[in-house]
Amino acid sequence: MIGYICKYTPVEIFEAFGEEVKRLEPDVAGFNQADTLMHPNLCSFAKGIVETALEEPLDGIVLTTCCDSIRRVYDVLKEKLPDTFVYILDLPHITKTAGVQLYEQRVREMIAAYEAFCGKVFDEQAFCEILKRGTQKKEEAYGTPKIGILGARANPAIRRILTEHQAGIAFDLTCTGSARRLVLQEEQPLFGYVDGLLGQFPCMRMEAAANRDQMIQKYADTADGIIYHTVQFCDQYSYEYAWLKETLHRPMLLLETDYTRQSHGQILTRLEAFLESLHTADAAKKSRGRQRVMQNTKTGDGRMYVLGIDSGSTSTNAVIMDQNREITAFSIVRTGAKAGESAQRVLADVLQKAGLKQEQLSWIVSTGYGRVSIPFADETVTEISCHGKGAHYFNPAVRTILDIGGQDSKSIRLDEKGEVVDFVMNDKCAAGTGRFLEAIARTLEVDISELGPIALQSRETIAITSMCTVFAESEVISLIANNKEKADIANGVCHAIASKSYSMMRRVGLEPEVMMTGGVARNPGVVHAVEENIQGKLYICPQPDLVGAVGAAVYALSKL
């Protein structure tokens with residue numbers, strides 16, 4: 001088995017040798033081996049390739065010089081796998097005749113190297129038979145809306161999630177998305193073949209004459225929305241996204257992953273929220289649980305009731321709402337070790353407060369990170385969309401939402417109907433979240449509820465330079481050792497969170513009026529610091545924890 005990663009790899013050459021070929025798609029839980037052999041800040045995809053190559057039994061691995069990270073992968077694997085054919089093709093950055101001739105020469109050198117390695121002779125006739133197959137067409141998913149995929153190689157989970165949600169894939173122009181164009185020239189079969197390889201949709205690193213920019217703009221017209229995928233620490237694609245964001249008049253989602261199994265939840269929430277923002281309710285929402293027929297049963301008081309439940313990392317919140325959009329009862333419980341058990345507890349509590357039985361609820365919508373773990377929910381909706389609906393419910397004038405919860409923080413921009421226009425999220429890191437504040441409060445030996453009021457008593461400005469929870473704790477310990485006041489340290493922490501939050505809001509387009517939601521909205525120190533940054537007042541409803549659950553209940557009402 002020969003493994004490869006790049007669409008410019010001449011895999012048909014190895015098929016002519018009688019070998020099987022496989023595109024390597026890392027599916028790893030971590031980078032334990034790679035981090036000891038490479039710099040930790042290298043591309044996470046490159047580190048995933050190292051992990052995969054060291055674990056899977058491969059006869060050969062063929063790389064290309066697409067970036068410095070892959071060059072480092074080659075150095076590591078060449079040393080660690082002495083009995084494996086590890087080869088790197090120097091990829092030309094020009095696609096004209098000179099580039100084709102140069103790459104043909106390098107492919108011939110690779111053929112000679114593999115002949116020396118395996119003892120076989122390259123079968124040109126078998127190679128020509130393979131080329132006669134013609135263009136290898138790539139199956140695209142059909143559905144609505146039509147989604148285009150751009151950027152670095154797309155994590156397989158992206159296509160899978162889109163397909164599961166009945167979205168169509170208009171195009172996939174990532175590193176591995178375009179179809180291979182196999183060309184057979186009888187007189188110069190290898191030259192024609194290489195010309196076809198280099199004639200694929202141009203890589204980001206090809207020269208400007210390859211017309212990548214113009215081609216993207218042409219393809220974009222066929223899509224309702226575009227997902228731009230980047231791999232962590234791959235900055236070059238991030239620059240292109242910034243340009244396209246200003247150039248393409250299409251809804252766009254920037255999706256950065258680290259190519260680990262744990263990124264699935266991160267991908268799922270963003271993709272579902274993006275589809276929901278494209279007004280594709282039927283495609284973007286997955287019905288779960290009982291799949292029961294919606295009940296319009298009225299209770300003894302002549303009213304119908306729905307339930308919205310928000311399963312977060314810190315708290316699980318539930319709201320019962322009647323058909324007049326009035327909140328009948330709500331409940332907030334601490335999320336325990338299992339999201340499903342916490343949901344059962346909050347359900348029992350809110351039903352008791354409302355004086356209802358579960359069968360009297362016409363529809364139940366769940367949201368939050370634990371939404372898929374709630375068996376009694378009839379439907380799931382992302383917390384992005386639910387916060388939009390909830391904010392619009394409390395204040396229709398709100399256009400920007402800052403939500404800081406226990407596990408993540410997010411900024412959302414709404415239109416006048418409360419629909420999501422754009423959003424950004426910060427997760428996979430506790431920086432600037434409730435967990436971050438809990439860690440700092442623990443270090444300062446104060447209760448989390450006291451941290452905000454203490455910060456308002458500050459008299460000295462202290463800058464907390466690190467937003468990493470671990471590093472920030474160390475920085476706070478150093479400040480304590482320097483006899484700094486708790487109030488000044490707490491104020492520095494609150495301003496650090498506010499600065500990070502302000503950057504997120506500016507990314508989505510900060511527009512008044514601004515609403516803050518989530519448990520951190522109860523922290524007066526953070527609220528004051530954010531208001532200083534935006535130079536205005538934040539709208540905060542009496543129960544900022546409940547905005548997501550209220551939005552879920554509003555979604556449930558829309559079903560009636």
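Start your tour at Gln166, the residue that follows helix H7 and has a positive phi, near 60 degrees. This is a predicted model, so keep that in mind as you click around.

**Stop 1: helix H7**

From Gln166, step back and select residues 156-164, which make up H7. Which residues of this helix are buried? Colour Ala157, Ile158, Arg159, Ile161 and Leu162, and you have them. Here's a handy thing to remember while you turn the view: an α-helix has 3.6 residues a turn, so residues three or four places apart point the same way.

Now bring up what covers those buried residues. The cover includes four strands, E5 (146-151), E6 (168-172), E7 (225-231) and E8 (252-257), together with helix H11 (264-277).

**Zoom out: the whole protein**

Show everything as a cartoon. You're looking at 20 helices and 18 strands. Along its principal axes, the C-alpha trace spans about 85 × 65 × 40 Å. A compact globule of 560 residues would have a radius of gyration near 24 Å, and the protein's 27 Å agrees with that.

Switch on the surface if you like. The accessible part comes to about 24000 Å², and carbon and sulfur atoms hold 48% of it. As for what's tucked away, 57% of the 560 residues count as buried. Want to colour by charge? There are 60 positive and 72 negative charges, and the mean positions of the two sets sit 4 Å apart.

One more number before zooming back in: take the contacts with a separation of 6 or more, and 68% of them come from residues 24 or more positions apart.

**Stop 2: Thr9**

Select Thr9, in the loop between strand E1 (2-4) and helix H1 (11-16). Buried or exposed? Thr9 is buried, since its relative accessible area is 1%, and the cut-off for buried is under 20%. Show its side chain: one of its polar atoms lies 2.8 Å from the backbone oxygen of Cys6. Beyond its neighbours within four places in sequence, Thr9 is in contact with Tyr4, Val62, Thr64, Arg180, Tyr193 and Leu197.

**Stop 3: Ala113**

Next, pick Ala113 in helix H5 (residues 97-118). With 26% relative accessibility, Ala113 is partly exposed. Which residues does it touch, leaving aside neighbours within four places in sequence? Phe85 and Tyr87. Try the distance tool on Tyr87: Ala113 is 26 residues from it in sequence, and their C-alpha atoms are 8.6 Å apart.

**Stop 4: Asn317**

Move to strand E11 (residues 315-322) and select Asn317. Asn317 is buried, at a relative accessible area of 3%. Look at what its side chain does. A polar contact of 3.1 Å links it to the side chain of Ser315, and the side chain of Asn317 also reaches the backbone oxygen of Asp545 at 3.0 Å. For the wider surroundings, skip residues up to four places away in sequence and show what Asn317 touches: Gly308, Ile309, Asp310, Ser331, Ile332, Val346, Asp545, Leu546 and Ala549.

**Stop 5: two more positive phi values**

Follow the chain to Arg325, in the loop between E11 and strand E12 (327-334). Arg325 isn't a glycine, yet its phi is positive, about 65 degrees. Its relative accessible area of 41% makes Arg325 partly exposed.

Then jump to Gln535, in the loop between helix H19 (524-534) and helix H20 (547-558). Gln535 is another residue other than glycine with a positive phi, near 55 degrees. Gln535 is exposed, with a relative accessible area of 74%.

**Stop 6: a cis peptide bond**

Select Pro512 and Glu513 and look at the bond between them. What is the peptide bond from Pro512 to Glu513, cis or trans? The bond is cis, with omega near 5 degrees. Glu513 belongs to the loop between helix H18 (486-508) and strand E18 (514-517).

**Last stop: Val424**

Finish in strand E17 (residues 420-426) with Val424. Val424 counts as buried, at 10% relative accessibility. Show its contacts, leaving aside neighbours within four places in sequence, and you'll see Ser409, Lys410, Ser411, Met504, Arg507 and Val508. Finally, draw a line to Arg261: the two residues are 163 residues apart along the chain, and 21 Å separates their C-alpha atoms.

Technical notes: Residues are numbered from 1 along each chain as its sequence is written. This is a predicted model: local features need pLDDT of at least 70, side-chain atom pairs count only at pLDDT 80 or more; totals for chains, interfaces and linings use all residues. Side-chain values use heavy atoms; hydrogens and water are left out. The radius of gyration is taken over C-alpha atoms; the globule rule is 2.2 Å times the number of residues to the power 0.38. Buried means under 20% relative accessible area, exposed over 50%, partly exposed in between (1.4 Å probe, protein chains only). Contact means heavy atoms within 4.5 Å. Accessible areas come from the Shrake-Rupley method with a 1.4 Å probe; for residues, only the protein chains shown count as cover. Lys and Arg count as positive and Asp and Glu as negative; His and the chain ends are not counted. The place of a charge is taken as NZ of Lys, CZ of Arg, CG of Asp or CD of Glu. A polar contact is a pair of N or O atoms within 3.5 Å; within protein, one must be able to donate a hydrogen and the other to accept it, and residues adjacent in sequence count only if both atoms are side-chain atoms.
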